[in-house]
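Me: I would like to go through this model step by step, with the reasoning laid out before each result.

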Amino acid sequence: MNVFSEINWMAIPLAGIITLLVGGLWYGPLFGKAWMAEVGLTEEEIRASGSPAAAMTKSFVASLVLGVGMAIVINWSGMPAGDWMGGAVTGALMAILVVAAAVFPNYAFEDKSLRHFLIHMGNITVSMVLIGAMLAVWR
């Protein structure tokens with residue numbers, strides 16, 4: 001069985017769009033000020049740093065890879081097509097049990113705050129919940 005042939009490739013770009021939309025809200029009106037405080041930046045410094053296009057492009061590409069990985073896991077799980085709740089739970093579990101567990105040591109060794117970690121993981125978790133729900137429905 002070829003795991004890539006079971007992926008709905010039209011759904012993968014939507015995973016990237018979901019991540020960009022959630023990130024825009026997360027690091028903008030929702031938690032932008034808290035994130036800036038954690039990384040020691042001001043709005044003026046961010047504006048002066050130029051266009052975020054390169055970072056957004058890299059983020060979009062990473063989100064496409066994430067979408068492929070999540071599609072494989074959802075397809076392998078055996079959950080019935082259309083089970084948006086199962087996809088959402090799968091996304092949450094992957095975010096918390098895989099991503100958070102994998103990246104937390106980086107925060108610990110870099111002496112970053114728990115708040116900083118939680119801001120990032122909140123964004124990732126919400127994105128993965130929405131991507132998981134979308135991929136479970138649109139197979």
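Reply: Before we begin, one convention is needed: Ala, Val, Leu, Ile, Met, Phe, Trp, Tyr, Cys and Pro count as nonpolar, Asp, Glu, Lys and Arg as charged, and the others, Gly among them, as polar. Please also keep in mind that this is a predicted model.

Me: How do the residues that line the largest cavity divide into nonpolar, polar and charged?
Reply: The structure holds one cavity of 30 Å³ or more, and about 40 Å³ of space lies in the largest cavity. Its lining is made up of Glu-6, Ile-7, Asn-8, Ala-71, Asn-75, Leu-135, Trp-138 and Arg-139. Sorted by the convention above, the lining comes to four nonpolar, two polar and two charged residues.

Me: Which pattern does the protein follow when read along the sequence?
Reply: The protein contains six helices and zero strands. Read along the sequence, the pattern is therefore written with helices alone, α-α-α-α-α-α.

Me: Are helix 2 and helix 6 parallel or oblique to each other?
Reply: Helix 2, residues 32-39, packs against helix 6, residues 114-137, with the axes 10 Å apart and at an angle of about 135°. Angles over 145 degrees would count as roughly antiparallel and those from 65 to 115 as roughly perpendicular, so the relation between helix 2 and helix 6 is oblique.

Me: Which residues of helix 6 make the contact with helix 2?
Reply: Helix 2 passes helix 6 in a left-handed crossing. From helix 2, the contact involves Ala-34, Trp-35, Glu-38 and Val-39, while helix 6 contributes Arg-115, His-116, Ile-119 and His-120.

How values were computed:
Residues numbered from 1 in each chain as written. Predicted model: local features only at pLDDT ≥ 70, side-chain atom pairs only at ≥ 80, totals over all residues. Heavy atoms only, no water. 1 Å grid on protein atoms, 1.4 Å probe; cavity = no way out; pocket = protein on both sides within 12 Å on 5 of 7 lines; lining within 4 Å. Points joined across faces, edges and corners; volume = space filled by probe spheres on them. Axes fitted to C-alpha atoms, helices over the stretch in contact; angles between N-to-C directions. Helix = DSSP H or I, 4+ residues; strand = E, 2+ residues; numbered from the N terminus. Parallel < 35°, antiparallel > 145°, perpendicular 65-115°, else oblique. Left-handed = near helix turned anticlockwise from the far one by under 90°. Contact = heavy atoms within 4.5 Å.
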